[in-house]
Every structure is written in C-alpha cells, then in structure tokens.
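Opening the notebook on this one. I want to go through the strands, the helix faces and the ring contacts, and jot down what turns up.

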Amino acid sequence: MTAPTIAFFTRLLDDAAPAERYALAGEQIRHAERYGVGRAWVAQHHFRAAEGGLPSPLVFLAHVAAQTSHIRLGTGVITLPLEDAVRVAEDAVVADLLADGRIDLGLGSGGTPSSFGPFGEDVRDKAPTYDRKLHLLLDALSGRDIGAENTLYPDAGTLADRIWQATFSAPGGHRAGIHGHGLLLSRTQPRSTDALHAPLSALQDPIIDAYLEALPDGVAPRVTASRTVFVADDRAEALRFAEVGLRRAAEGFRRQGQTIPGDDLGELIVALDTHLGTPEQVAESLAADATLARATEVAFQVHSVDAPHEHVLRSIELFAEQVAPALGYTLTDTIKEKA
C-alpha cells in the first residue's frame, strides 16, 4: 500500500472575532501548503461559535484558493440535510473553477440536533433526508436532468469524482463505498458504555471493512483518517494547552450525553484519542494507531487541544518536518520560503 499523504484540518476555533478567525485559518492553510501538506479540510458548523466558526465553507475555500497555489481544499463536511442540494452543487462547481480544480466535496448527515429546526428539517429524519439530497446532488454533478429538463451550468467537470462521505458507522462506510466515494473518519468517536476503553481502531476498522467491501471493482480506495495531533517543542507545553482544551471538550461531550471516562489529564488524552507532545512522542503515538495503517490520508488537527495560533503554526511545522518523515507519510513539493 502507498504511504498516506497528509492533510491539515480546522474547525476554525481560534479565540478571536469571526473575521480574525477566518484570517488566522487562512494563514494556517497557507503555512501548511508551504510545508508540503497536500490538502486542507474545513468543517461546517452553524450558530455556535464554540463548536465551529464556519457556516459557509465553500465561500471561505474560494477565498483561500486565491491565496494558495496547489494545496487541495476540502469541505469536512457540509451537512447535506441542512442544505439545498442543487445549490451545494452550483456553489461547489463555481468554487472548484475558481480554485482551478482543487476542491474536494466532503459530505455528512450529522450536525448539532438543534441546528436542524431553523432550516426546516427534523433531525429524526436526517438519514432519509441525506439519502434523498445526496441522490439529487449526484444527479446534478453528473450532468443529469434535475427537473424540468434543467442540468447544471457550469458543468461539474470531474468534481463528481472528488466526493467524500463522513460516517461513524459501518452502514455509512458501505454507502460511501457503493458510490465509489472517499471515506472520512473522525478524530474521535462515541463509545458505548460497555466499550468505553476500546481503541479508536476497534470502532473505525469495521467502517473501513464495510467501505472496502462495497467499493466497485477498479475504484481505488480513498480513506482519510482525521486525528487530534498537537506537536510542540516540549511535552510540558503541549500538556499546558491540553489541560484547558481537553477538559472543555470533555465537558461538551458529556453535555451531549456521551460518557467520557476519567478526569485526570492523562485519562482524558486517551479517552479523546489525542496525540500530543514532542515530534518523537507524537510519532510513537500515531504509529500505535492501527487504523492509520489503512488510511490513504492522515488529517491532523489541533482540536480539541485548541492551542493559540502561533502554536498551531509551530505544530504544523513540526508535524511536516519531523513526524511525517518518521512515519513515512508523503509530503508534496514544498514552496516554503525561509524568513
């Protein structure tokens, strides 16, 4: 199997006003490009600044595309049940044209339950709503009639070949596979009460199994595994930020009804599937994650450590220059300019 490439993932959670959040995220993506990171994923969240800072990812990515030259730019993810599928197709096509074909369209059915109401959707119907809207989106991107003899303009080019689906479940992996789409795996997942200490691979390997089994013959697998990774020059610095960020994250998950075992920082690091410390420590930690050996791309994000911006930039540098080579991950040609 070819060594995985690397990607940078952000939920745009910097402690700043919205305009500055967008500026900082743009700088982080440009920094990642300079250090040979092949793709940047941005998440979509509505209404709550503490969960994520970006309701309109394609608008943001079109802006970032004008500031970058070769890093791929992906939505990780657009919550499709809350969108008009035809408008998603149109916006994605325009963004992709402006980005010279660098857009990847990641989709998901989830999202905060309370976000569904303002969009006129019922969270209890999210699965069938997702399936219905996915079918319409695929028709649009494939140039098929989407009603009243209308087809998409501009046409989608090859964008239909760059769709990814995110899921927490084996059936979701199967759905991504049968369409020949890429598979997006989360940085952490809820555990059942009888498997609170199960490794993340125990939850995600069955998803990959279902995906690969459903993938059509001749279609190359695309599996992106996102992971919480914070690399610092010393572990004490990493722990200092984790003490704040991981406790806040654990409280948020518990409010949503998840069981997060332990309250000691070391226990929270394990429970929230976090890889942190020096480059050597992070490389050792990631090497023990069995699912990453099956991924075609490893996407690293600082959430839920949520360190300040300058430390995010340093983490990107250390991951690209030391962690990735130690693990054999593939970098792109760097355009780094030494100051």
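**Strand β4 and its neighbours**

I started with β4 and looked at both of its faces: Ile103, Leu105 and Leu107 sit on one side, Asp104, Gly106 and Gly108 on the other, and all of them are buried. That fits the tally for the strand, where six of its six residues are buried. Note to self: this is a predicted model, so everything here is computed from it.

Next I asked what β4 pairs with. On the β3 side, five bridges join β3 to β4, and the two run parallel. One register point I wrote down is Thr79, which stands opposite Gly108 in β4. Between these strands the chain goes from β3 through α3 to β4, a β-α-β crossover that is right-handed.

Then β5, residues 163–166: it pairs with β4 in the parallel sense, over three bridges. Here Leu105 has Ile163 of β5 as its bridge partner. The chain gets from β4 to β5 through helix α4, residues 126–141, and this β-α-β crossover is right-handed too.

**Helix α2**

Which residues of α2 are buried? I got Pro57, Leu58, Phe60, Leu61, Val64 and Ala65, in a helix that spans residues 57–65. Looking down the axis of α2, these buried residues fall within an arc of 155°, so they line one face of the helix. The spacing makes sense to me: an α-helix has 3.6 residues a turn, so residues three or four places apart point the same way.

I then checked what lies over the buried residues of α2. The cover includes α1 (18–34), β2 (39–42), β3 (72–79), α3 (85–98) and β4 (103–108).

**Ile29**

From the cover of α2 I picked one residue of α1 to follow, Ile29. Is Ile29 buried or exposed? Its relative accessible area is 0%, so Ile29 is buried, the cut-off being under 20%. Skipping neighbours within four places in sequence, I listed its contacts: Phe8, Ala40, Val42, Phe60, Val64, Ile71 and Leu73. Two names there, Phe60 and Val64, are also among the buried residues of α2.

I also took a distance across the model. Ile29 and Gln258 are 229 residues apart along the chain, and their C-alpha atoms are separated by 31 Å.

**Strand β9**

Over to β9, residues 297–301. Five of its five residues are buried, so the strand is largely enclosed by the rest of the structure. Side by side: Glu297, Ala299 and Gln301 point one way, Val298 and Phe300 the other way, and all are buried.

β9 has pairing to note with β1 and with β7. Strand β1, residues 5–10, is joined to β9 by four bridges, and they run parallel. There the bridge partner of Phe8 is Phe300. β7 also pairs with β9 in the parallel sense, over five bridges, and Thr224 stands opposite Glu297 in β9.

**Helix α9**

α9 covers residues 279–287, with Pro279, Val282, Ala283 and Leu286 buried. Down the axis of α9 the buried residues fall within an arc of 100°, so they line one face of the helix. Turned away from that buried side, I found the exposed residues Glu280 and Glu284. Covering the buried ones are, among others, β7 (223–231), β8 (274–277) and α10 (309–327).

**Rings**

How many aromatic pairs does a search of the whole structure find? It came back with six. The one I looked at in detail is Phe47 with Phe119, a tilted pair at 5.8 Å centre to centre and 35° between the planes. It links distant parts of the chain: Phe47 is in the loop between β2 and α2, Phe119 in the loop between β4 and α4, 72 residues apart.

I checked accessibility for both partners. Phe47 counts as exposed at 54% relative accessibility, while Phe119 counts as partly exposed at 33%.

Phe8 and Phe300 turned up again here: ring pairs link them with Phe319 into a cluster.

Last, charges over rings. The charged end of Arg222 sits over the ring of Trp164, 4.8 Å from its centre. Arg240 lies over the face of Phe241, at 4.5 Å from the ring centre.

How values were computed
Residues numbered from 1 in each chain as written. Predicted model: local features only at pLDDT ≥ 70, side-chain atom pairs only at ≥ 80, totals over all residues. Heavy atoms only, no water. Buried < 20%, exposed > 50% of the residue type's maximum accessible area, 1.4 Å probe, protein only. Arc of directions from axis to C-beta. Contact = heavy atoms within 4.5 Å. Pairing = 2+ DSSP bridges. Right-handed = clockwise from strand over helix to strand, strands pointing away. Phe/Tyr/Trp six-rings, centres within 6.5 Å; stacked < 30°, edge-to-face > 60°. Lys NZ or Arg CZ within 6 Å of the ring centre and 35° of its normal.
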